[in-house]
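Here are my notes on this one, point by point. Have the structure open while you read.

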Amino acid sequence: MENYKSNLKARQIFHPFIHHNMQATTESFTSVPEDLIIRGADIVFMTDDGAKFHVHAYFFTRESVYWQQKLTGHNEPHHPLSKRYTPNDPYIIQDVDSRDLRKFLRVFYNTRYGDYSFFSKFDWIDILSIAHKWEFPLVKTLSKRYLGTMGYGVVERTCGVHCTRIVDDEMIDRSYPNQVYLISCGHEI
């Protein structure tokens, strides 16, 4: 029994962000290298670097039409998943790295409700990028609000190439200080 408990402890993180550095808002969110395993998870995502995220599909299908379509084949929430994604057969995420996905998931799996003070401006930019790309309107609004409290606005622009990305103010027109530019287009990547 003791071996089982130690093995279980080594494999699962019951609170996904317990080891994270949450000291200062000026420092970027620091993620743990282990796989993320949430108790009761019903889907497993895997990023290109092999990190696996055992999470609840509910947040994805409730909040995002993009994920509703990808996971259920419907454009509305509350449909069952069209396929079971397991640790041996995970849903592969190729457009977001594990570090940024962990930040994004922290919005849903937060240690203190409503307290996101551990995220820096750069963390919110990463979260906003994913929320925009994956069509999470409420997370996008939350990101904009927190960026606003840090003195940053979000300027949305459309470009003519195949992209969805966020550009920090250091990379674009200096006549608009403290702006985060959200660049997107209507094309599939």
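1. A definition before anything else: helices here are DSSP runs of at least four residues, numbered from the N terminus. Keep in mind, too, that this is a predicted model. With that in hand, look at helix α4, which covers residues 98-108. F104 and F108 are four residues apart in α4, so about one helical turn separates them.

2. What do those two rings do with each other? They form an aromatic pair of the edge-to-face kind, with 5.8 Å centre to centre and 75° between the planes. Both F104 and F108 are buried.

3. There is plenty of ring pairing elsewhere: the structure holds 23 aromatic pairs. One of them is Y58 with F59, which is edge-to-face at 5.9 Å centre to centre and 65° between the planes. Are the two partners buried or exposed? Y58 is partly exposed, with a relative accessible area of 42%. F59 has a relative accessible area of 17% and so counts as buried, the cut-off being under 20%.

4. One charge-over-ring arrangement to check on your screen: R106 places its charged end over the ring of F118, 3.8 Å from the ring centre.

5. Now the sheet. It is open, has four strands in the order β1-β3-β2-β4, and its pairing is mixed. Which strands stand at the edges? They are β1 (36-37) and β4 (91-93); each has a single partner strand, so one side of each has no neighbour in the sheet.

6. Strand β2 (residues 43-47) and β4 run parallel, joined by three bridges. Across that pairing, F45 stands opposite Y91 in β4. Two helices pack on the sheet. Helix α3 touches β2 and β4, and its direction makes about 140° with that of β4. Helix α4 touches β1, β2, β3 (52-55) and β4, its direction making about 20° with that of β3.

7. Last, have a look at Q68, which sits in helix α3 (residues 65-72). Its relative accessible area is 3%, so Q68 is buried, given the cut-off of under 20%. What does its side chain reach? The backbone nitrogen of E76, at 3.1 Å. Leaving aside neighbours within four places in sequence, the contacts of Q68 include F60, T61 and R62, and also G73, H74, N75, E76 and P77. E76 therefore turns up twice for Q68, in the polar contact with the backbone nitrogen and in the contact list.

Methods. Residues numbered from 1 in each chain as written. Predicted model: local features only at pLDDT ≥ 70, side-chain atom pairs only at ≥ 80, totals over all residues. Heavy atoms only, no water. Buried < 20%, exposed > 50% of the residue type's maximum accessible area, 1.4 Å probe, protein only. Polar contact = N/O pair within 3.5 Å; in protein donor to acceptor, adjacent residues only side chain to side chain. Contact = heavy atoms within 4.5 Å. Pairing = 2+ DSSP bridges. Axes fitted to C-alpha atoms, helices over the stretch in contact; angles between N-to-C directions. Phe/Tyr/Trp six-rings, centres within 6.5 Å; stacked < 30°, edge-to-face > 60°. Lys NZ or Arg CZ within 6 Å of the ring centre and 35° of its normal.
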